[in-house]
Amino acid sequence: QVQLVESGGGLVQPGGSLRLSCTASGSITSINIMGWYRQVPGKQRELVARIFSGSPYYADSAKGRFTISRDNAKNTVYLQMNSLKPEDTAVYYCNADGGIPHSDGYWEVWGQGTLVTVSS
């Protein structure tokens with residue numbers, strides 16, 4: 001069983017920065033995609049950024065301000081968030097999957113979430 005543990009959320013002023021971390025542990029042979037999503041009350045969870053084989057993808061809201069990176073040796077993904085805005089306030093969730101999709105060995109897991117609050 002694979003688990004994800006996130007850290008790095010908190011309160012920051014507009015224009016500030018935060019760095020989120022997410023580490024996978026458990027029965028891991030390989031990880032395909034690692035990514036970050038966010039959710040605010042009453043809205044659907046939305047993709048912020050994901051990374052696969054060293055190639056990042058960003059939602060429009062994250063482009064130019066957020067940077068996703070990954071340390072495969074540590075099974076860890078990071079999200080560096082700069083120039084934060086009040087509308088970035090949300091619970092941020094880490095997501096990862098591994099194995100071959102639609103096969104018995106495929107897995108996908110979510111972290112417990114970490115709250116990011118951008119406010120003065």
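How many bridges join β7 and β8, and is their pairing parallel or antiparallel? I opened today's notes with that one. I kept in mind that this is a predicted model.

**Entry: the β7/β8 pair.** I found that β7 and β8 run antiparallel to each other and share 6 bridges. I then picked one residue to follow across: I68 has L79 in β8 as its bridge partner.

**Entry: the sheet around them.** Next I looked up which sheet the pair belongs to. I found an open sheet of 4 strands, ordered β1-β3-β8-β7, with antiparallel pairing. The edges are held by β1 (2-7) and β7, and each has a single partner strand, so one side of each has no neighbour in the sheet. From one strand to the next, I noted a twist that averages 15°. As a reminder to myself, strands in a sheet pair through backbone hydrogen bonds.

**Entry: the loop after β7.** I moved on to the loop between β7 (66-71) and β8 (76-81), where N75 lies. The phi of N75 caught my eye: it is near 50°, a positive value although the residue is not glycine. That made me pause, since most residues other than glycine have a negative phi. I also checked exposure: N75 has a relative accessible area of 25%, so I logged N75 as partly exposed.

**Entry: a second positive phi.** H102 also went into the notebook, with a phi near 70°, again positive in a residue other than glycine. I placed H102 in the loop between β9 (90-98) and β10 (107-110). Is H102 buried or exposed? I noted H102 as exposed, because its relative accessible area is 84%, and the cut-off for exposed is over 50%.

Key. Residues are numbered from 1 along each chain as its sequence is written. This is a predicted model: local features need pLDDT of at least 70, side-chain atom pairs count only at pLDDT 80 or more; totals for chains, interfaces and linings use all residues. Side-chain values use heavy atoms; hydrogens and water are left out. Helices (H or I, at least four residues) and strands (E, at least two) are DSSP runs, numbered from the N terminus. Buried means under 20% relative accessible area, exposed over 50%, partly exposed in between (1.4 Å probe, protein chains only). Two strands pair if DSSP finds at least two bridges between them. Axes are lines fitted to C-alpha atoms, for helices over the stretch in contact, and angles run from 0 to 180 degrees between N-to-C directions.
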